[in-house]
Amino acid sequence: ITISGPFEYDVTVCPLSSDQAVKAVSQEATKLSLAFSKPPLPSQQDGEKLAESVLKSVLTLSTVYYWLPKSQGVSLRRQVRDATVEVLEGVAQLLEVILRSPLQTLTQEQLTSTGGVWSACDCFAQLPRDNKAAVLVVLSAQTGVVKDAIEEIEQALSEAQDPFSDVLDDDQDGDEPRGNQDTYWSEKDRRVIGPCQGLMKASAACLRKLTTAVKANGDVTTPQSLSQLDDLADIAKEISPGVDDLALCLYPPMDYSGVENNVSKLAAVLKKVLDIIRSSHVCGESELTWVQFLDGAVDHNLQKTKDLIQQDT
């Protein structure tokens with residue numbers, strides 16, 4: 001296809017341009033793979049034409065990305081860029097496979113590489129069409145990671161068992177640890193985990209509520225609103241690593257200093273997220289209620305965790 005003018009990424013222009021460009025790459029990859037899959041091999045002239053067609057298609061697709069201005073939103077541009085890179089890397093891999101494969105033979109590796117190009121091209125159909133949709137993609141991914149971390153801890157707690165729990169309990173004075181605690185949680189460990197779980201659940205609630213707020217109030221018509229959406233996406237990306245780090249340090253043997261450190265870090269991230277939400281256009285009066293509630297929940301669980309850690313066993 002020929003693109004002759006500044007590219008604007010909107011519902012009417014982008015789907016046609018990107019879909020045509022990525023379809024051309026898919027078709028050229030298929031032609032290339034078939035041409036070198038059985039005899040006779042392409043002549044030098046035909047090979048040059050194939051190479052030119054492949055080059056034209058990938059340059060056209062690259063142009064779709066490069067002409068997408070940052071003013072449409074950084075989150076959107078990143079996802080279009082990542083999808084474009086996936087396609088280009090797929091084409092490069094296919095070319096490498098063809099070059100090192102036996103001539104006039106369609107190998108399984110070549111089939112797999114061709115399918116990889118098709119799959120990468122198909123992903124363009126699922127790309128968000130504006131920055132609001134792109135931010136929702138980020139929030140959905142973060143929510144999934146946090147949910148998994150919470151469920152893993154809950155499952156571990158339900159399955160974990162003190163191997164000495166039914167042995168000579170009456171002979172224990174309660175002041176000394178019993179047996180090898182490297183593989184199970186003590187009672188104090190379990191008490192500490194409680195508010196840590198509360199903080200992790202507050203993280204999940206924050207992401208869910210933010211997703212709802214973006215869906216309802218997200219605006220892509222002004223530079224300020226677009227920038228605020230990008231800020232929300234960027235800070236939200238810090239939540240799941242914080243939750244993962246906290247979850248990992250909760251497993252026995254529990255290092256209380258590590259727990260306190262990671263709880264403080266996650267709480268700081270959540271407070272920052274809530275501050276950015278509060279000052280953004282997605283936060284109306286109804287949103288302010290849960291922002292304030294979660295802000296209090298973060299403080300409560302942070303302080304409770306520190307108090308429990310400082311208590312004597």
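A residue counts as buried here when its relative accessible area is under 20%, and as exposed when that area is over 50%. Keep those cut-offs in mind as we walk through this predicted model, since burial comes up at nearly every stop.

Start with the overall layout. The protein has 10 helices and 0 strands, so reading along the sequence simply gives α-α-α-α-α-α-α-α-α-α. Of its 313 residues, 42% are buried. If you take the contacts between residues at least 6 apart in sequence, 78% of them join residues at least 24 apart.

Now look at helix 7, which covers residues 223-236. Helix 7 has 14 residues and spans 20 Å from its first C-alpha to its last, close to the 20 Å expected at 1.5 Å a residue. Its buried residues are Ser225, Leu226, Gln228, Leu229, Asp230, Leu232, Ala233, Ile235 and Ala236. What covers them? Among the elements doing that job are helix 3 (74-100), helix 5 (131-159), helix 6 (187-217), helix 8 (239-249) and helix 9.

Helix 9, residues 256-278, deserves a look of its own as a neighbour of helix 7. The two axes come within 10 Å and cross at roughly 170°. Angles over 145 degrees count as roughly antiparallel, so that is how helix 7 runs relative to helix 9. In this contact, Asp231, Leu232 and Ile235 of helix 7 meet Lys272, Val273, Ile276 and Ile277 of helix 9. Sorted by type, the contact residues come out as 5 nonpolar, no polar and 2 charged. Leu232 and Ile235 are also on the list of buried residues in helix 7.

Helix 8 is next along the chain. Ile239, Ser240, Gly242, Val243, Leu246, Ala247 and Cys249 are buried there. These residues pack against helix 5, helix 6, helix 7 and helix 9. Helix 8 is in turn part of what covers the buried residues of helix 7.

Back in helix 3, two residues are worth a stop. The first of our picks, Gln79, sits in this helix and counts as buried because its relative accessibility is 15%. Leaving aside residues up to four places away in sequence, Gln79 touches Leu127, Pro128, Ala134, Val137 and Val138. Leu88 is also found in helix 3, but at 29% relative accessible area Leu88 is partly exposed. With the same kind of sequence neighbours set aside, Leu88 touches Val58 and Ser62. Leu88 and Leu61 are 27 residues apart in sequence, with their C-alpha atoms 8.9 Å apart in space.

What about aromatic rings? The structure holds 2 aromatic pairs. In one of them, the ring centres of Tyr65 and Tyr66 lie 5.1 Å apart and the planes make an angle of 55°, so the pair is tilted. Is each partner buried or exposed? Tyr65 is buried, with a relative accessible area of 12%, whereas Tyr66 is exposed at 59%.

Finally, visit the loop between helix 5 and helix 6, where you will find Thr183. Thr183 counts as exposed because its relative accessibility is 61%. Thr183 and Pro253 are 70 residues apart along the chain, yet their C-alpha atoms are separated by 6.6 Å.

Terms used:
Residues numbered from 1 in each chain as written. Predicted model: local features only at pLDDT ≥ 70, side-chain atom pairs only at ≥ 80, totals over all residues. Heavy atoms only, no water. Axes fitted to C-alpha atoms, helices over the stretch in contact; angles between N-to-C directions. Helix = DSSP H or I, 4+ residues; strand = E, 2+ residues; numbered from the N terminus. Parallel < 35°, antiparallel > 145°, perpendicular 65-115°, else oblique. Contact = heavy atoms within 4.5 Å. Nonpolar A, V, L, I, M, F, W, Y, C, P; charged D, E, K, R; others polar. Expected span 1.5 Å × (residues − 1). Buried < 20%, exposed > 50% of the residue type's maximum accessible area, 1.4 Å probe, protein only. Phe/Tyr/Trp six-rings, centres within 6.5 Å; stacked < 30°, edge-to-face > 60°.
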